[in-house]
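Welcome! Let's take a short tour of a protein model, one topic at a time.

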Amino acid sequence: LVIVLDFGGQYNQLIARRVRECNVYCEVMPYTKSLEELKAKNPSAIIFTGGPNSVYEDGSPLYTKEIFSLGVPILGICYGCQLIAHLLDGEVTPAQDDSAREYGKTKTYFDTSCKLFKDIPDESITWMSHGDYMAKVPEGFKLVAHSDKCPNVAIADEERGFYGVQFHPEVQHTEFGQKMLHNFLYEVCGLNGDWKMDEFAKQSIEKLREKIGDKKVLCALSGGVDSSVAAVMIHKAVGKNLTCIFVDHGLLRKNEGDEVEKTFKEKFDMNLIRVNAQDRFLGKLKGVSDPETKRKIIGEEFIRVFEQEAKKIGKVDYLVQGTIYPDVIESGTGDAAVIKSHHNVGGLPDYVDFKEIVEPLRDLFKDEVRKVGLELGIPEFLVWRQPFPGPGLAIRIIGDITEEKIKTLQDADFIFRDELAKAGYDKNVHQYFAVLTNMRSVGVMGDGRTYDYTLALRAVTTNDFMTADWAKIPYDILESASNRIINEVKNINRIVYDITSKPPATIEWE
Ligand code: XMP
């Protein structure tokens, strides 16, 4: 186990993901964890993350110096590097002038005899973001990297296994960052990379079988990646003792409900109850056009439908939740502004009669969940499914929702996705869909005047869905999608492509 000790930097999750990509298991822990608690975990290495503070300011997150006596290698990144210097009697000061302040891509020169920089070129680009300067390097450390502006870009005490870098090896802009992390884990810490998803899947299934035995388990299946993988994993452990309820609110993409049902019933022979509840949802949504109200109605109705079905089953022992590791890390830090309330099945436990929750994916990042999914034999189209919001097409139909509008949007969205897939371009974008605006305009078709809806196409590239760029889809793909939609789908006579990034726009239109 490697501990990623979190000092509040924005890339902390990314560090953990990068470590896992080296097939090494790690956990993120806040810097407020005591040394005793860290010790109890028996870590093989510790990574200090970056953070927004300055080590010399009052109230900055610090750590006890005794951490250096644990006898495990430590890597400090950015703030973490300065913290090493600060704690070990070096000196960190604000950069006096521009000379030592660095932001963005920076040419950096490395001492490649240092284990951390083994087998990388002695000159490459790193990503910097620091306004502080390591004025005095702590005793026992030598300088192992510098830039044109700054002599102290990386420090190392190879004897004790302590390393610090001012730049961020975890971000992609640092050309050999992943190799450096790999070097730290393998060359410095001597780890062997035994965190593999096939093993994880096997062991988890074994553990789940032991834990659950012949008790009853209930799962809300949405057809999304997380709930699908969680359900299949538990199914492999306990078979028909698992019952899945799939609430089809009628706001899914074209054919999606049938595909989900078919996959889980036929391929996995699972106990799946599909509830076709489109009428109920449409009834509640009638005349509603405010996005947050739509979300609220759908969230509540979802729970009610699920609850009704669950009652028929009666008391169960376990309820499955598809919680993944980023949810675990983020929980408890809920002070970010609510831009949109996200409806997921998180609210269920209060409404169902169960004894305990099982969360088989609690330790996994999204890409690891996908790997496990493939190991379990879940079809690629499900494993690689792009994110789809809980409220479904309801928030992609601007204004009020009718059955006809749903059908129009489903058909148009299907064609857009089909054209992207046919051109092999779907792998280049992370989320792509159509939006039915509530604007109508004049057109001409054949000899007649039309007055119909405008459809918007949206496609973005993104790493984390917090920020996103609009995708530069080739014109010919947009053209064939547009032609087909106009010809094949009723009620649409104009198509526009959304060319705003997030921020200032969001990915969805509502
Ligand atoms: P926005 O539109 O906020 O979307 O840029 C970011 C990501 O979140 C998804 N999204 C939702 N997911 N319930 C969900 O489960 C929601 O209400 C919801 N709203 C947005 C969106 O599809 C994108 O991936």
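**The open sheet**

An open sheet of 9 strands follows the order 2-1-3-4-11-10-9-6-7, and its pairing is mixed. Strands are DSSP runs of E with at least two residues, numbered from the N terminus, and two of them pair if DSSP finds at least two bridges between them. At the edges stand strand 2 (26-30) and strand 7 (123-130), each with a single partner strand, so one side of each has no neighbour in the sheet.

This is a predicted model: local features need pLDDT of at least 70, side-chain atom pairs count only at pLDDT 80 or more, and totals for chains, interfaces and linings use all residues. Residues are numbered from 1 along each chain as its sequence is written.

**More on the strands**

- From one strand to the next, the twist averages 25°, with axes being lines fitted to C-alpha atoms and angles running from 0 to 180 degrees between N-to-C directions.
- Strand 1 (residues 2-6) runs parallel to strand 2, and 5 bridges join them.
- Opposite Asp 6 you will find Pro 30 in strand 2.

**A look at Glu 21**

- Glu 21 belongs to helix 1 (residues 12-21); a helix here is a DSSP run of H or I with at least four residues.
- Is Glu 21 buried or partly exposed? Glu 21 counts as partly exposed because it has 15 C-beta neighbours inside 10 Å; 20 or more other C-beta atoms within 10 Å would make a residue buried, 12 or fewer exposed, and partly exposed lies in between, with C-beta atoms placed from the backbone.
- Glu 21 and Ser 113 are 92 residues apart in sequence, and their C-alpha atoms are 25 Å apart in space.

**The domains**

- The protein is divided into domain 1 (2-188), domain 2 (197-383) and domain 3 (402-497), with bounds from an automatic or database domain assignment.
- Between the C-alpha centres of domain 1 and domain 3 there are 46 Å.
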